[in-house]
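User: I would like to learn how to read surface patches and cysteines in a protein model. Could you take me through one case?

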Amino acid sequence: MPADSGRKAHRRHMMLTVEQAVQAKAIELGKLSIRATTAAKAGHPTTALSLTHLVTELLYRVMRWDPAHPRAPGSDRLVLSEGHAVPIIYAACADLGVTITPHGQARPMTHDDLMALRDIESPVDGHPNPEVGFPFFDAATGSLGQGLSVAAGLAAAARLDGIDKTIYCIVGDGESREGQIWEAMDFIADHELTNVVAIFNCNTLAQSDYVSPAQDWVHLQHKAEAFGWTALETDGHDPAKIDHVLRNRTALAKGKPLCIVARTVKGWGVPDLGGMGHHGTAVKQEQLEAVLATLDRLGREFGVEGADPEDIEKLLQITPPPETPPLQVNVSTPASLSAVAHENATIASALRDKKMMSPRRAYGTALKMLGAANPHIVALDADVKNSTYAQDFAAAFPDRYFEARIAEQNMVSAAAGLASGGKIPFVSTFGRFLERAFDQIEMAIIGGANLKLVGTHIGVTLASDGPSQMGLADVAFMRAFAHVRDSHGNPAMTILTPSDGVSAYGLVLAMAETSGACYLRAVRSDLPVLYPEGENFPLGAHKIVRRAQHEGAGCRLVFVASGYLVHSCLKAAKILEDDGVDAAVVDAYSLPANVPAILALAGDKGCIIAVEDNYVGGLSSELAETAATIKAAPAIYSLTVERIPKSGRSADDVLHYVGIGVDDIVETARHRIQPAV
């Protein structure tokens with residue numbers, strides 16, 4: 001009998017246990033992870049090796065899912081918070097033929113796809129990202145500390161939909177030093193999201209050093225218990241022990257969220273890859289065969305060398321997800337502001353009697369109306385719902401409101417999870433405090449989250465609270481994404497700054513209707529009503545709130561502003577009338593803006609003065625960057641906050657202190673147009 005035939009016969013008659021099948025598959029996936037990272041000449045094979053058994057147990061035995069339909073509504077989900085370990089997930093997906101969607105075309109993943117890891121044309125990215133064509137993942141991860149928050153949002157969405165599914169999240173012991181991990185632990189316990197299972201991968205090694213004693217498996221177990229979780233320690237390379245704790249999670253958790261603290265080995269199976277100095281380093285091509293041979297020897301020790309793949313497949317049976325009937329959701333048109341005023345005496349008095357309304361109050365009113373019209377709308381707030389007026393929604397729809405408390409980073413990432421779960425999350429806090437979550441916002445954008453952010457108390461007109469409470473750097477950060485296109489060709493972020501209650505109400509409704517991330521900046525104070533109640537506010541547009549009497553080929557002076565400063569510019573334009581200056585005022589409520597249309601208002605001989613109560617990088621930059629590309633564009637002058645603000649008794653005090661009070665606007669205009677007088 002030929003040698004090959006003998007080996008095949010041996011394979012046919014080998015009797016495997018389930019544990020041996022897991023060991024065989026873990027070795028196979030480990031080898032694939034090493035090959036893929038070597039082909040890419042980059043990646044994290046040692047971290048991948050520490051997860052071989054956990055991933056095998058999850059994807060081949062415990063999770064209820066369908067590789068052909070990884071986003072099936074009833075499927076259990078896996079969030080990889082330590083995103084750099086992703087080669088082990090890719091290896092499993094290639095082995096199982098999980099559906100991927102490169103360039104929008106669905107097909108099974110192949111080993112060739114795996115070997116294209118990190119290639120510019122490949123959906124197999126360096127870190128998890130569903131937007132590049134890998135729908136197995138629900139969110140982009142890799143900026144450490146965020147995955148458990150995403151898992152919380154997915155779990156909350158599943159509960160709202162009445163779907164019994166488990167959200168597993170793998171967290172690195174090194175990243176457990178990130179405060180957001182514990183924000184998420186708090187949030188999950190607060191909201192009793194017992195369908196979340198956190199798995200800490202305790203391999204003791206971070207990037208440049210060992211993890212601190214406070215992050216070892218003993219301390220992590222005690223911390224999790226202190227945060228209201230049931231925490232169980234297990235050997236992360238023992239299939240029987242892993243299987244026991246995962247399959248009996250409900251009974252073991254005793255009504256709490258379950259945290260599994262898994263003791264693992266970085267570089268498992270390959271002693272030469274253990275210890276310091278191997279993090280983020282692919283095995284060199286000339287060392288590859290020796291490393292793979294080490295894993296083969298391990299297979300012999302486990303008695304699985306030469307095992308028939310068909311026998312392994314029979315023992316590793318994936319449970320399909322339960323059938324989930326389509327959700328029956330009735331979505332209607334939200335009530336108009338006029339209809340709200342007809343039913344609400346407080347709103348009617350503000351709009352029609354006082355003719356004053358704060359954008360933040362309008363936000364709360366609009367959010368409540370959206371909630372009544374669309375069951376997919378959910379809201380999160382960070383302990384300021386009585387200031388942002390998210391309390392209106394919370395009172396009306398308590399099951400769809402998630403109090404995040406003073407933990408803005410977790411709040412944003414949890415909202416990304418809710419968005420991936422099919423919800424439309426509105427996230428509100430002071431604009432200044434959203435600045436804490438810039439990283440989380442960027443990761444949500446990368447992952448394509450349909451996120452609706454609302455920052456109230458923006459700009460220096462907050463006055464007496466001082467700069468620690470003022471959103472001033474938010475515009476520049478958000479605008480950095482306004483001219484980046486998402487996978488659908490839309491702006492990756494749309495920034496909206498309403499100048500009165502009517503525009504705030506309309507823009508909140510518009511946010512819900514558009515696909516993609518939006519950020520609404522809502523002034524705290526009451527503002528004069530500028531617009532009729534039925535006014536429409538398309539995204540990307542602007543309004544001319546004061547027209548010059550003699551526009552001709554262009555206005556001599558055009559003020560461009562948003563929010564509170566629109567009213568300052570209207571006052572300045574009125575004062576300038578006595579000088580014989582005929583000025584127009586533009587409410588540029590949306591970024592990206594239709595800049596050519598705004599520039600055309602001044603023609604090529606007029607000038608534009610952009611006024612904004614935030615730091616540089618916002619509206620002025622929007623206009624100037626486009627003007628620089630247009631021949632014979634009008635001159636553009638910028639009035640921004642160029643001095644760190646401080647507390648003041650009134651908005652006017654602080655505006656004058658930073659150089660953008662009404663008098664400052666008038667003086668700038670007189671100086672800039674003096675040669676033409």
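**Patches and cysteines**

Analyst: In this predicted model, D652, D653, D663 and E667 form a negative surface patch. Two elements, α27 (651-657) and α28 (662-673), each give two or more residues to that negative patch.

User: Which helix holds D652, and is D652 buried, partly exposed or exposed?

Analyst: D652 belongs to helix α27. A patch takes residues with over 30% relative accessible area. D652 has 48%, so the residue passes that cut-off and is classed as partly exposed.

User: Which residues make a nonpolar surface patch?

Analyst: L327, V329 and V331 make one of about 230 Å². Take V331 as the example: its place is the loop between α13 (309-315) and α14 (337-343). Exposed means over 50% relative accessible area. V331 is at 52%, and therefore counts as exposed.

User: Now the cysteines. How many disulfides does a search of the whole structure find?

Analyst: Zero. To count as a disulfide, two cysteine sulfur atoms must be within 2.5 Å. The closest cysteine sulfur to that of C169 is in C259, 10 Å away, which is too far for a bond. C555 is in no disulfide either, as the nearest cysteine sulfur, in C607, is 11 Å away.

User: Are C169 and C555 buried or exposed?

Analyst: Buried means under 20% relative accessible area. C169 has 0%, so C169 is buried. C555 is at 1% and therefore also counts as buried.

Notes: Residues numbered from 1 in each chain as written. Predicted model: local features only at pLDDT ≥ 70, side-chain atom pairs only at ≥ 80, totals over all residues. Heavy atoms only, no water. Patch = residues over 30% accessible without salt bridge, like charges linked within 9 Å, V, L, I, M, F, W, Y side chains within 5 Å. Areas by Shrake-Rupley, 256 points an atom, 1.4 Å probe, with all protein chains shown as cover. Salt bridge = Lys/Arg side-chain N within 4 Å of Asp/Glu carboxyl O. Lys, Arg positive; Asp, Glu negative; His and termini not counted. Charge placed at Lys NZ, Arg CZ, Asp CG, Glu CD. Helix = DSSP H or I, 4+ residues; strand = E, 2+ residues; numbered from the N terminus. Buried < 20%, exposed > 50% of the residue type's maximum accessible area, 1.4 Å probe, protein only.
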